[in-house]
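Biologist: Could you take me slowly through one part of this model, the largest pocket, and tell me which residues line that pocket? I would also like to hear about the surface elsewhere, once the pocket is clear.

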Amino acid sequence: MAVTKIRKISSWTLLISAVITVVILAMFYFGGVVVEGADMPEPVYTNLLLNWAYIIFGLTALSTLVFAIWQLIIAFKSDAKSALLGVGAIVLFGLLLLATYSMGDGTLLNNLNADSQEFNTPTWLKVTDMWLYSTYVLVILIVLAVIAGSVKKVLNK
């Protein structure tokens, strides 16, 4: 019975968010532009679309975090050793972010337009480098894990 309730709630949530998204996209694409005949026309509902994307992203991140913490608490109750491995992975990820942030370059960029100058600060530049370097490291780790898994599978035969 609980699975049926969860399935109904998730189905309705998906349906409602999809309908809202389709309506907002239709407003964005067919709602006109701010200045007719401009070189780069700006749709009237650009802010609405961006705000909806922020809301969906925020709700997704929040629900992921809440359910991960809930799952960690349940894991600690049933098998503390495996739960500690999960905590270790989170700590390693935090250390990766810290290391890649410290590797980042905060040198200001030249020849940027006025809109970009707001983010041309050492902190934002180091955060950008942090995400790029972290992505590189994680992609390399994924490739190594795939290779190691394939080698292990071949050797076990």
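Modeller: In this predicted model, the lining of the largest pocket is made up of Ile-6, Ile-9, Ser-10, Thr-13, Ser-17, Trp-52, Ile-56, Leu-59, Thr-60, Ser-63, Phe-67 and Trp-70, and the volume of the pocket comes to about 350 Å³. Two helices each supply at least two residues of this lining, namely helix H1, which covers residues 2-30, and helix H2, which covers residues 46-78. Of the contributors, H2 gives the most, with seven residues. If we sort the lining by chemical character, we find seven nonpolar residues, five polar ones and no charged ones.

Turning to the surface, there is a nonpolar patch that includes Phe-93, Trp-131, Val-137 and Leu-155 among its members, and its residues together have about 1,100 Å² of accessible area. Helix H4, residues 122-155, provides the largest share of this patch, with 11 residues. Leu-155 itself lies in helix H4, and because its relative accessibility is 66%, where exposed means over 50%, this leucine counts as exposed.

A useful contrast is Leu-109, which sits in the loop between helix H3 (80-103) and H4. Its relative accessible area is 46%, a value between the 20% and 50% limits, and therefore Leu-109 is described as partly exposed. Leu-109 is also 12 residues from Thr-121 in sequence, while their C-alpha atoms are 8.7 Å apart in space.

Definitions and conventions: Residues are numbered from 1 along each chain as its sequence is written. This is a predicted model: local features need pLDDT of at least 70, side-chain atom pairs count only at pLDDT 80 or more; totals for chains, interfaces and linings use all residues. Side-chain values use heavy atoms; hydrogens and water are left out. On a 1 Å grid over the protein atoms alone, a cavity is a set of points where a 1.4 Å probe fits but cannot get out, and a pocket is an open set with protein on both sides within 12 Å along at least five of seven lines; lining residues have an atom within 4 Å of a point. Grid points are joined across faces, edges and corners, and a volume is the space filled by probe spheres set on the points. Helices (H or I, at least four residues) and strands (E, at least two) are DSSP runs, numbered from the N terminus. Ala, Val, Leu, Ile, Met, Phe, Trp, Tyr, Cys and Pro count as nonpolar, Asp, Glu, Lys and Arg as charged, and the others, Gly among them, as polar. Patches are made of residues with over 30% relative accessible area and no salt bridge: like charges are joined within 9 Å, nonpolar side chains (Val, Leu, Ile, Met, Phe, Trp, Tyr) within 5 Å. Accessible areas come from the Shrake-Rupley method with a 1.4 Å probe; for residues, only the protein chains shown count as cover. A salt bridge is a side-chain nitrogen of Lys or Arg within 4 Å of a carboxyl oxygen of Asp or Glu. Buried means under 20% relative accessible area, exposed over 50%, partly exposed in between (1.4 Å probe, protein chains only).
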